[in-house]
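Colleague: Please pick one part of this model and look at it closely. I would like a connected account of how its side chains pack and pair with the rest of the chain.

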Amino acid sequence: MCVDLLSEVVAGSAAWLGRGLSCVCAQGRDSDARPSFDLTPSQEDCLERLQNRIDVAYDSSIPHHQEALKDLWKLAFPEQELHGVVSNQWKEMGWQGKDPSTDFRGGGFISLENLLYFARKFPNSFQDLLRKQVGDRSVWEYPFAVAGINITFMLIQMLDLEAVKPRSVVGETFLRFLSVNESAFDLLYCIAFKLMDQQWLSMRASYMEFNTVMKSTRRQLEREIMVEDITRLEDLPSYSLLSQ
């Protein structure tokens with residue numbers, strides 16, 4: 001994996017969150033748009049709680065945020081002691097540098113929560129992706145942690161979660177999942193991450209194709225979410241990719 005080279009490759013493109021990968025996948029499509037719809041009181045409450053999470057920036061001066069970051073390290077590398085919240089060790093997880101806080105810009109604290117949920121809920125899949133244990137991998141792999149922040153950002157855009165009300169069929173459908181499972185966003189994140197890696201392998205992609213892989217991942221997620229008669233995320237075809 002060559003994070004520094006990856007940063008140079010995307011320099012000058014539509015840079016997203018933190019000095020690294022360019023997430024053009026987050027662009028919406030006019031064909032998805034439609035007038036906003038009325039929410040039920042339950043949906044309003046669930047959406048507001050999720051939006052409140054999205055609004056929280058990562059702040060390294062907050063002890064809770066520091067502890068959450070340390071917890072991520074323990075889950076990722078239980079056999080290695082972390083020498084500090086600022087350390088070159090973080091590069092082993094796919095952060096751009098020795099201070100992960102610089103990569104959280106735009107992704108917010110929820111992107112760290114997503115990674116923690118993934119590590120706890122699906123530890124085998126998390127480790128497979130972190131350590132690139134499955135498949136015929138590229139010489140130049142995507143950086144795990146930075147890709148994870150990209151996925152959080154992509155989902156926020158895809159589901160139109162920064163709007164007062166969703167303005168797309170995909171966003172409306174997701175709210176139905178959210179109203180029955182408050183962890184729906186975190187679960188969809190895990191599905192999206194595993195699906196992205198599968199797309200990466202099937203396309204035999206390298207770092208130059210990361211944005212293409214993300215676009216393909218978004219399209220596949222949208223198709224699956226829109227399948228009739230699916231009432232929960234566990235019924236999505238890509239959910240079967242995950243292993244605990």
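Modeller: Tyrosine 142 and tryptophan 200 are both buried, and I start from them. The model is a predicted one. Above the ring of tyrosine 142 sits the charged end of lysine 132, 4.3 Å from the ring centre.

The aromatic pairs come next. The structure holds 15 of them. In one, phenylalanine 122 and tyrosine 239 have ring centres 6.2 Å apart and planes at 80 degrees, so this pair is edge-to-face. It links distant parts of the chain, with phenylalanine 122 in the loop between α4 and α5 and tyrosine 239 in the segment after α9, 117 residues apart. Phenylalanine 122 has a relative accessible area of 1% and is therefore buried. Tyrosine 142 and tryptophan 200 also pair: their ring centres are 5.0 Å apart and their planes stand at 80 degrees, so this pair is edge-to-face. Because tyrosine 142 lies in the loop between α5 and α6 and tryptophan 200 in helix α8, the pair ties together parts 58 residues apart in sequence. Elsewhere, Phe118, Phe126, Phe144, Tyr189 and Phe193 form one aromatic cluster.

Tryptophan 200 leads to α8, the part I want to dwell on. The helix is mostly covered, with 16 of its 19 residues buried. At 1.5 Å a residue its 19 residues should span 27 Å, and the end C-alpha atoms are 26 Å apart, which agrees.

The largest nonpolar core has 68 residues, and Met93, Leu155, Phe174, Leu188 and Phe193 are those with the most contacts inside it. Helices that supply at least two residues each include α2 (41-54), α6 (144-158), α7 (169-180) and α8 (184-202). The largest share, twelve residues, comes from α8. Phenylalanine 174 shows how such a contact set is made up: apart from neighbours within four places in sequence, it is in contact with Leu50, Leu159, Leu161, Ala184, Phe185 and Leu188.

Now the charged residues. Side chains of opposite charge can pair when their charged atoms come close. The count comes to 13 salt bridges. In one of them arginine 53 and aspartate 186 meet, at 3.0 Å from N to O. Arginine 53 lies in helix α2 and aspartate 186 in helix α8, so this bridge ties together parts 133 residues apart in sequence. The two ends differ in exposure: aspartate 186 counts as buried at 6% relative accessibility, while arginine 53, at 21%, counts as partly exposed, the cut-off for buried being under 20%.

Just after α8, arginine 204 takes a positive phi of about 50 degrees. Arginine 204 also forms a salt bridge with aspartate 136, with the closest N and O atoms 3.6 Å apart. Since arginine 204 lies in the loop between α8 and α9 and aspartate 136 in the loop between α5 and α6, the pair ties together parts 68 residues apart in sequence. Both arginine 204 and aspartate 136 are exposed.

A further salt bridge joins the side chains of aspartate 235 and arginine 232, at 3.3 Å from N to O. Aspartate 235 counts as partly exposed at 34% relative accessibility, and arginine 232 is partly exposed at 42%. Returning to α8, salt bridges that share partners join Arg53, Glu113 and Asp186 into one network.

Notes: Residues numbered from 1 in each chain as written. Predicted model: local features only at pLDDT ≥ 70, side-chain atom pairs only at ≥ 80, totals over all residues. Heavy atoms only, no water. Core = buried A, V, L, I, M, F, W, Y, C linked by side-chain atoms within 4.5 Å. Buried < 20%, exposed > 50% of the residue type's maximum accessible area, 1.4 Å probe, protein only. Helix = DSSP H or I, 4+ residues; strand = E, 2+ residues; numbered from the N terminus. Contact = heavy atoms within 4.5 Å. Phe/Tyr/Trp six-rings, centres within 6.5 Å; stacked < 30°, edge-to-face > 60°. Lys NZ or Arg CZ within 6 Å of the ring centre and 35° of its normal. Expected span 1.5 Å × (residues − 1). Salt bridge = Lys/Arg side-chain N within 4 Å of Asp/Glu carboxyl O.
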